[in-house]
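Please open the structure in your viewer and keep the selection tool at hand. The stops below say what to select next and what to look for there.

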Amino acid sequence: MNWELISKATEYTAEEMGVALKRSAFSPNIKERMDHSCAILDSRGTMVAQAEHIPVHLGSFRIGALNILNWMCSNSMSLSPGDMLLTNDPYITGTHLNDVTVLAPVYNGSKTMCYVISKAHIVDVGGPVYGSINPSAKTLYEEGIIIDPVRILKGSRLDSEILSILTANFKDPQAAAGDLNAQIAANRTGVTRMNQLFQRYTPSEIYDAWERSVKRSRDLALHSMRKWRRGCFSALEHLELGSSLIPLKLKLEVSEEGIGADFTGTSSQLESPLNAVFGVTFSATMFSVRCAMASEIPVNEGLFSVVQVYADPASLLNPAKPAPVSGGNVETAQRVADLVFQALSKCVPGTIPSGSSGTMFNVMIGGLRENGSGWAYYETIGGGNGGRPGSDGVSAVHSNMTNTRNTPVEVAEREYPVLFTRCSVRRGSGGRGIHSGGDGIVRSFKVLTRARLSILADRFRTRPYALEGGKQGMPGKVKIVRRGAVKLYPSKFMEELEPGDEVTLITPGGSGYGKPPHKPRRN
Amino acid sequence: MGLDVAVDIGGTFTDIVVCRDGRIEKAWKVSTAPVAPERAVVEALREARLPPISNFLHATTIATNAILGQKGLELPKVALIATKGFSDIIEVARQNRPSLYELEFSKPKPLVPRGLRFEVDERVNFEGDVLKRPADAQLRRLVSSIRRSGAECAAVCLLHSYSNPSHEIAVGRRLRATGLETCLSYEVDPEPGEYERTSTTVVNAALTPVVSTYLKRLGSSLRKMGAPGVAVMSSSGGLTTVEEAGAKPINLIESGPAAGLIAAAELCSQLKIGKAISFDMGGTTAKAGVVIDGEVGLTAEYEVGGRIHHGRIVKGTGYPVRSTFVDLAEVSSGGGSIVWKDGGGGINVGPLSAGAEPGPVAYGRGGSDPTVTDANLVLGVISEIMPGGRGVLRRDLATRAFSRLGEPTEVAQTALKIAQLEAARAIRMVTVERGLDPSEFTLIAFGGAGPQLAANMASELGVRRVLVPPSPGLFSAIGLLVSDWRYELKSSYPRNLASEFRRMEARLRGRLGSPRFIRYADCRYSGQGSAVTIRLDSCETPQVEEEFIRAHRRIFGFTIDASVQVQTIRVMAVVRRAKAAWPSQPPVEAAPQKLGNTGRNLMVDGNWVDAKVYQRGSLATSFETDGPALVDEDGSTTLVPPGWRMSIGRLGDIRMEAKQTR
């Protein structure tokens with residue numbers, strides 16, 4: 001009877017860690033945008049509970065945690081009570097360099113009973129670009145500093161020497177140190193809670209409970225797929241890079257045992273940050289499948305176990321180190337989700353929406369303040385949500401792999417030398433349909449000092465897929481006005497800005513669902 | 001003091017307590033009339049044939065119901081006036097979706113449709129410097145197009161108006177001159193964060209006609225009953241006048257729950273309890289709040305109409321409103337929460353509730369899904385005979401409903417444990433997450449369902465003392481009787497802390513004489529994403545910074561070497577109202593079924609035990625006994641588990657204490 005209580009208490013612990021992290025985090029990126037996740041792993045690294053606030057972290061712990069434990073094993077590293085491990089190597093953690101992962105063991109006597117783990121997007125982790133997501137990176141080394149697993153806490157003491165090596169490389173050291181402290185505090189909360197659980201119940205009761213909750217999630221997942229068509233469904237999508245289009249291919253096999261997603265035929269890895277480490281590919285696949293399951297399923301290994309993912313080694317979706325990957329979990333992840341949704345639309349017809357804006361529209365901007373200190377501002381911009389089988393798509397919103405909130409204009413202007421000139425709905429940009437696509441966003445700002453702007457976006461030349469005869473949403477645009485002259489830009493670039501330059505970001509609309517009636521219906 | 005009448009209008013029931021010179025003469029419940037709630041009240045009071053009323057103290061859900069779109073409470077058409085380029089802020093909101101994995105998610109419908117959004121070409125920067133002044137001709141055109149739009153009231157929210165409101169004032173003056181009801185954002189919510197300030201201002205504008213009409217109708221109905229002074233409970237836990245409430249109706253959103261927390265705070269002062277958790281569990285939700293040294297915890301943001309998940313309002317499901325609210329965490333766990341089994345075979349409780357209709361299965365009104373109340377009945381926690389002779393609960397129906405999910409007593413026990421765990425989360429949120437240790441607190445349990453599981457839940461949290469006040473079902477209404485007046489002012493980014501506090505306090509003194517002031521400051525490290533509210537003893541900058549650093553260390557476990565920024569400061573003025581320290585309860589009327597204190601079969605940790613049953617009214621002060629025991633009263637039952645000792649306190653309160661470490 002206690003297993004349900006133990007598994008609930010474990011889920012709540014993950015969530016409480018997330019709240020602790022958000023509350024004490026320093027940067028608006030975590031505080032306001034909730035770009036972080038927390039989880040509990042058993043002693044073998046199996047995920048037993050996760051609280052994620054951003055879908056791109058869904059499932060990446062599954063791969064990241066095992067990689068960390070394997071790394072510790074092969075490097076003879078062990079964690080004593082009070083130690084915490086920190087790493088940001090995307091080929092270990094399963095996302096990108098900005099996502100710093102901190103892991104802490106939970107001891108009962110002399111035995112490691114489980115781990116708590118947290119991941120948070122640190123705005124800048126070094127490299128040539130403010131915000132570290134470098135659109136022109138050709139290797140991982142151009143995306144920031146790589147931190148192999150290292151003990152940042154030794155016996156509950158913060159290793160300030162390691163911390164100072166890190167923050168010396170970060171362009172906003174104070175914010176980074178604050179956010180790392182918040183991660184450590186969140187892990188402490190997790191360790192305390194799990195210690196309490198091990199005081200109240202015996203280890204075998206707890207392990208039994210976790211096993212049962214993992215099995216229950218698997219059963220729930222398979223149960224929710226019982227009416228899906230069995231068979232093989234394929235789909236094709238593209239990402240933009242310079243003047244070429246990069247193909248992504250999927251064969252999705254659905255059977256009684258679950259789902260196999262095979263990305264064979266996808267482009268090989270690129271000298272561009274669009275590569276997505278395997279953890280991202282898994283997360284994005286898992287995301288679309290979970291949405292289609294349309295039921296509340298506790299997130300743990302049981303849910304993950306119904307999806308098997310394959311991508312060729314050294315391909316765009318499973319690159320080899322040191323291929324650059326910073327854009328993988330922001331842009332490529334969106335396209336993988338689109339790809340899986342398209343395949344699922346043939347497997348579970350009448351439930352999958354048309355394509356949403358399909359880009360996180362990453363904006364990184366920074367420079368030096370008058371006093372010589374650096375500033376770095378990172379923002380992602382929502383777009384139009386695709387028309388759904390039962391309703392119009394939502395306007396001006398984040399879809400699929402991200403859900404971060406915008407930074408309020410009044411907050412951003414106080415923190416950074418920018419002046420906003422517009423934030424509005426891009427009317428008429430959603431594709432028409434029986435249910436039309438949602439509209440994108442127009443956001444404009446002027447810089448007040450010299451600054452370096454980087455944009456990593458997509459769907460400027462391609463448009464979101466449309467189902468059942470709907471019309472496609474309008475593509476995105478960036479324009480910069482300098483002394484009255486207007487210049488249009490591609491979806492990925494870096495530019496040096498002069499004071500007074502006005503940047504306008506125009507995000508894509510969602511596609512409509514179903515053949516539209518003759519007259520336009522929306523204002 | 002004279003005759004005080006306290007009326008708490010809730011979603012299902014309206015609670016009425018009549019108090020003469022500090023003694024409660026009569027207390028009862030009537031059904032709420034949702035569309036014209038004042039009618040049921042006036043009727044009930046007329047039937048009670050009361051002498052002229054001196055004070056009418058009121059808590060109401062009307063503001064919340066109007067936002068939730070309750071029929072008969074239509075919101076007016078509101079025009080929004082924003083800075084050029086920013087009128088869609090009300091629709092873009094924070095650009096996030098309320099649920100991550102739901103394909104057909106929706107954002108709340110913007111409170112102002114696209115056709116009613118207007119823009120002014122003006123701009124102020126964050127320091128309050130004017131970058132562009134609005135042209136007169138433009139303002140004239142604006143006003144006439146707003147008049148043509150058919151808007152019934154207006155909300156003006158311009159960028160950075162909390163720093164420099166002159167442009168808002170200019171727009172407001174012209175709109176008000178045409179007779180249009182107008183709310184200015186710097187008056188309603190002078191804080192940075194344009195979406196939240198816009199939403200707060202729009203919600204306030206939309207509620208103004210509904211709430212002020214209601215209060216006027218109530219006032220005129222009461223005129224025939226002695227024309228009492230009317231005081232309304234605000235979300236911050238203080239009484240406000242009808243005029244204040246009508247001008248700032250957003251302050252009434254948590255009116256009822258605030259009254260419950262104030263009742264707990266006053267009870268603590270009476271009984272010299274330093275730290276207490278108030279725990280209010282009714283039919284659909286459980287709410288927890290904290291009282292320290294007689295003061296209630298406060299918070300500055302709330303989402304009205306939002307969906308609640310795991311005790312937190314899901315951001316983006318409702319409309320944010322920034323104002324001072326008593327700090328309550330709410331979970332969907334109540335007596336009516338439905339017990340169900342998922343596809344993986346796990347037992348779950350809530351968030352769906354059987355509500356008042358059909359209610360728990362045992363009510364025999366057609367409900368088929370078992371609830372927490374049914375679980376309490378099956379396990380013997382509550383009696384089959386409803387106290388007060390109000391009917392019989394059908395244990396056979398409840399058992400049958402559980403048997404569809406498994407072995408009935410086993411399912412019921414699991415359900416209660418899950419309900420307790422869920423309710424305990426609400427308490428964790430207001431204690432552990434605020435850096436407070438629940439084991440140092442006394443749990444004050446009320447509402448119909450609170451006393452049933454309070455002690456078991458306390459064990460879960462390491463809490464060792466539980467208190468159940470007299471008439472736990474009417475506790476919020478009693479809170480109205482012991483409340484004082486409160487008024488608040490706030491200001492953002494003050495240039496000089498001490499002089500800004502002095503300026504605000506002088507303004508309040510001008511209106512109120514010599515109130516007691518409570519000062520707060522929202523502080524953060526420079527560059528940090530959000531602020532911590534601290535209470536100030538001194539308003540000198542160095543002391544404020546020290547206080548913030550202490551609070552940061554207490555709550556988050558660390559501090560950093562960065563400068564401290566004061567974002568918003570608030571002053572709360574408290575004016576005491578003439579009243580009894582604590583209203584005394586009426587003598588118990590003898591009712592036949594409580595003559596014999598009999599036993600009841602109670603399930604404890606999987607075994608049936610014979611628990612003593614007491615009728616609360618028959619227990620004298622200083623009575624003591626050990627658990628397992630049950631105390632029945634009209635509308636509630638207190639469970640004293642094994643390992644707990646109960647006694648009756650001097651105010652008729654039930655006290656329970658854990659005997660040993662469990």
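Before the first selection, one term is needed: two residues are in contact if their C-beta atoms, placed from the backbone, lie within 7 Å. Keep in mind as well that this is a predicted model, with an ipTM of 0.90 and a pTM of 0.88.

**Stop 1: two helices of chain A**

Select helix α1 (residues 2–24) of chain A together with helix α6 (residues 173–200) of chain A, and look at how they pack, with their axes 8 Å apart and an angle of about 160° between them. Angles over 145 degrees count as roughly antiparallel, and therefore α1(A) and α6(A) are described as roughly antiparallel to each other. The crossing in which α1(A) passes α6(A) is right-handed.

Now show the side chains where the two helices meet. On the α1(A) side the residues include I6(A), A9(A), T13(A) and M17(A), while those on the α6(A) side include A182(A), A186(A), T189(A) and L197(A). If you colour this contact by class, you should find 10 nonpolar, 6 polar and 2 charged residues.

**Stop 2: a mixed sheet and the helices on it**

Next select the open sheet of chain A in which 4 strands follow the order β8-β9-β10-β11, with mixed pairing. At its edges are β8 (231–241) and β11 (307–310) of chain A, each of which pairs on one side only. On average, neighbouring strands of this sheet are turned by 20° against each other, direction ignored.

Within this sheet, zoom in on strand β10 (residues 258–262) of chain A, which runs parallel to β11(A) and is joined to it by 4 bridges. Which residue is the bridge partner of D262(A) in β11(A)? The partner to label is Y310(A).

Then add helix α8 (residues 278–293) of chain A, which packs on the sheet, touches β10 and β11 of chain A, and has a direction that makes about 140° with that of β11(A). Helix α10 (residues 328–347) of chain A also packs on the sheet, where α10 touches β8, β9 (244–255) and β10 of chain A, and its direction makes about 150° with that of β8(A).

Keep α8(A) selected and add helix α3 (residues 60–74) of chain A, since the next contact is between these two. The axes of α3(A) and α8(A) come within 8 Å and cross at roughly 150°, which makes α3(A) roughly antiparallel to α8(A). From α3(A), the residues S60(A), I63(A) and G64(A) meet F278(A), G279(A), V280(A), F282(A) and S283(A) of α8(A). By class, this contact of α3(A) with α8(A) has 4 nonpolar and 4 polar residues, and no charged ones.

**Stop 3: an antiparallel sheet**

Move along chain A to an open sheet of 5 strands, ordered β14-β15-β20-β17-β18, in which the pairing is antiparallel. Its edge strands are β14 (418–426) and β18 (485–489) of chain A, and neighbouring strands are turned by 15° against each other on average, direction ignored. Inside it, select strand β15 (residues 440–447) and strand β20 (residues 502–506) of chain A, which pair over 5 bridges. Here F445(A) stands opposite V503(A) in β20(A).

**Stop 4: details of the backbone in loops**

Select P322(A) in the loop between β11 and α10 of chain A, and look at the peptide bond leading to it from K321(A), which is cis with omega near 5°. In chain B, G627(B) and P628(B) are also joined by a cis peptide bond, with omega about 5°, and P628(B) is found in the loop between β31 (624–626) and β32 (629–633) of chain B. Return to chain A for S132(A), in the loop between β5 (111–121) and β6 (150–154), where phi is near 70°, a positive value in a residue other than glycine.

**Stop 5: where the chains touch**

Finally, show both chains and select the residues between them: 50 residues of chain B are in contact with 59 residues of chain A. The elements giving two or more residues to the chain B side are α3 (89–92), α7 (194–223) and α12 (408–430) of chain B, and α12(B) gives the most, with 7 residues. By class, this side of chain B has 18 nonpolar, 19 polar and 13 charged residues.

Colouring chain B by confidence completes the tour: its pLDDT averages 88, and 94% of the residues score at least 70. Over residues 589–596 of chain B, however, the pLDDT is below 50, and this stretch has 4 contacts in the model beyond near neighbours in sequence.

Definitions and conventions:
Residues are numbered from 1 along each chain as its sequence is written. Chains are lettered from A and ligands numbered from 1 in the order in which they are written. This is a predicted model: local features need pLDDT of at least 70, side-chain atom pairs count only at pLDDT 80 or more; totals for chains, interfaces and linings use all residues. Ala, Val, Leu, Ile, Met, Phe, Trp, Tyr, Cys and Pro count as nonpolar, Asp, Glu, Lys and Arg as charged, and the others, Gly among them, as polar. Two strands pair if DSSP finds at least two bridges between them. Axes are lines fitted to C-alpha atoms, for helices over the stretch in contact, and angles run from 0 to 180 degrees between N-to-C directions. Angles under 35 degrees count as roughly parallel, over 145 as roughly antiparallel, 65 to 115 as roughly perpendicular and the rest as oblique. pLDDT is the predictor's confidence in each residue, from 0 to 100. A crossing is left-handed if the near helix is turned anticlockwise from the far one by less than a right angle, and right-handed if clockwise.
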